[in-house]
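Please look at the sequence and the structure shown below, and then follow the report with both in view. Each term is explained where it first appears.

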Amino acid sequence: MQSAQSDGRIVTACGDSVVLGIDVGGTHTKMGAFSLEGEQLGAHAFESQRVLAAGSQEPFASEVEVLLERAGADEGRVAAVGLAVPGAVSEGGSLELCPNIDLDLEQCKALLRAQFPQARLTVLNDADAAVLGDCWHGSASGLRADNVALVTLGTGVGAGFVFRGALYGSARGAAGEVGHLCVDPHEQEPCSCGKAGCLEQYASAKGLVRTARRHRVARALAEAGMAGGCAKHEAAEAFPDARSVLEAFERGEPAARTALDRFSDALGFGLSQIACVVDPDVFVLGGGLSERTDLFLDAVRVRYRACALPVCRDTPIVASELGNACGVHGAAYRALETLASDEGDPACECPR
């Protein structure tokens with residue numbers, strides 16, 4: 001088997017085997033089945049709780065079966081599985097930090113090994129998977145960029161970096177934890193990591209909801225004289241998730257507009273700080289919220305230019321063409337790399 005080629009193809013002589021890319025998110029788990037030439041054969045998504053709960057082996061296996069049925073494949077054809085998880089993954093494959101989801105990585109790996117005993121299994125951080133996926137089949141692939149910073153905007157915020165065509169790794173897997181950059185030292189409410197004022201508290205799906213609810217409560221207390229408990233309940237009903245905030249923004253709801261303004265301000269500032277360290281050719285936005293960049297990308301670019309070093313101000317900021325599927329594609333690409341390594345090929349470079 002040969003490694004990924006510069007045109008995005010993967011060439012192999014291993015017959016009709018398939019690889020799986022699995023991206024476990026804070027809310028949903030996404031899966032994709034791919035041929036050894038890199039063609040996506042099927043996709044499936046479901047609530048992550050079905051793979052996190054105790055005794056989840058049977059429901060997890062059934063979800064995989066749905067994917068394989070859509071791909072026209074069976075379990076015996078799965079040659080490798082790439083598993084992307086939302087946390088700091090060390091070089092040894094252990095989970096060092098996972099602030100947004102109660103994930104038992106060893107259980108997940110055991111489930112996959114039981115279902116696919118013949119397959120190679122590899123684990124990586126979800127943002128690392130996302131940048132690999134985008135460089136393979138997304139926006140960075142089209143730009144043929146050598147230095148890419150992809151920032152995932154989902155339940156949390158993370159980043160994956162490709163430098164000179166190679167994925168950047170670190171000893172404890174924390175290099176891409178940009179969601180925990182401090183963007184507001186005056187914040188009092190703690191982040192899930194234990195600090196306060198983190199980028200993730202404003203520029204993530206949960207951060208967007210948190211800010212919208214905050215302002216909805218403040219408005220209710222000031223204008224309607226509503227009791228605190230009632231105001232919080234009403235805000236939670238008005239904004240159950242990030243999608244509801246974005247829909248309210250489009251209707252002109254003040255709390256939602258304030259929340260998205262804060263989101264854009266924090267993200268633009270955060271990207272300017274990342275640029276001081278890595279100075280990429282392009283910033284790519286991935287994750288679920290990247291599918292609605294029409295609502296905030298212009299504001300992010302304005303804030304970025306206002307805060308960035310002069311030499312970095314013109315760095316493009318684009319949405320990934322893959323949207324929330326970046327991690328699935330990247331996890332599958334890593335699985336293909338694993339097969340290539342098994343067959344004695346040179347280490348694969350990142351796809352461009």
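Arg164 is exposed, because its relative accessible area is 76%, where exposed means over 50%, buried means under 20% and partly exposed lies in between, with a 1.4 Å probe and protein chains only. This is a predicted model, in which local features need pLDDT of at least 70 and side-chain atom pairs count only at pLDDT 80 or more, while totals for chains, interfaces and linings use all residues. Residues are numbered from 1 along each chain as its sequence is written, and side-chain values use heavy atoms, with hydrogens and water left out.

Arg164 sits in the loop between S9 and S10, where helices (H or I, at least four residues) and strands (E, at least two) are DSSP runs numbered from the N terminus. Although Arg164 is not a glycine, it has a positive phi of about 50°. Gly165 also lies in the loop between S9 and strand S10 (166-167). With 1% relative accessibility, Gly165 counts as buried, and its C-alpha is 9.7 Å from that of Arg144, although the two residues are 21 apart in sequence. A positive phi, of about 45°, is also found at Asp279, which is not a glycine; Asp279 belongs to the loop between H9 and S11. The table sets out four residues with their places and accessibilities.

| Residue | Place | Relative accessibility |
|---|---|---|
| Arg164 | loop between S9 and S10 | 76%, exposed |
| Gly165 | loop between S9 and S10 | 1%, buried |
| Asp279 | loop between H9 and S11 | 45%, partly exposed |
| Val157 | strand S9 | 4%, buried |

Val157, which is found in strand S9, has a C-alpha atom separated by 5.8 Å from that of Ser204, and these two residues are 47 apart along the chain.

**The sheet around S11**

In what order do the five strands of the open sheet stand? The order is S10-S9-S8-S11-S12, with mixed pairing, and two strands are said to pair if DSSP finds at least two bridges between them. S10 and S12 stand at the edges with a single partner strand each, so one side of each is left without a neighbour in the sheet.

Strand S11 (residues 282-286) has five of its five residues buried, so it is largely enclosed by the rest of the structure. In a regular strand the side chains alternate between the two faces of the sheet. In S11 both faces are covered, with Val282, Val284 and Gly286 buried on one side and Phe283 and Leu285 buried on the other. Strand S8 (residues 148-153) runs parallel to S11 and is joined to it by five bridges; here Val148 has Val282 as its bridge partner, and Leu150 stands opposite Val284. Strand S12 (residues 317-319) is also parallel to S11, to which three bridges join it, and Phe283 stands opposite Ile317. From S11 the chain crosses through helix H10 (residues 297-307) to S12 in a right-handed β-α-β crossover, where right-handed means that, with the strands pointing away from the viewer, the path from the first strand over the helix to the second runs clockwise.

**The nonpolar core**

A nonpolar core is a set of buried Ala, Val, Leu, Ile, Met, Phe, Trp, Tyr and Cys residues joined through side-chain atoms within 4.5 Å. The largest one has 43 residues, of which Leu153, Phe263, Leu267, Leu271 and Phe296 touch the most other members. Two or more residues come to this core from each of S8, strand S9 (157-163), helix H6 (205-224), helix H8 (242-250), helix H9 (254-278), S11 and H10, and H9 gives the most, with eleven residues.

**Strand S4 and its partners**

Which strand, at residues 78-85, has eight of its eight residues buried? This is S4, and it is therefore largely enclosed by the rest of the structure. Strand S1 (residues 18-24) runs parallel to S4 and is joined to it by six bridges, with Asp23 standing opposite Ala84. Six bridges also join S4 to S7, again in parallel, and in this pair Ala80 stands opposite Arg120.
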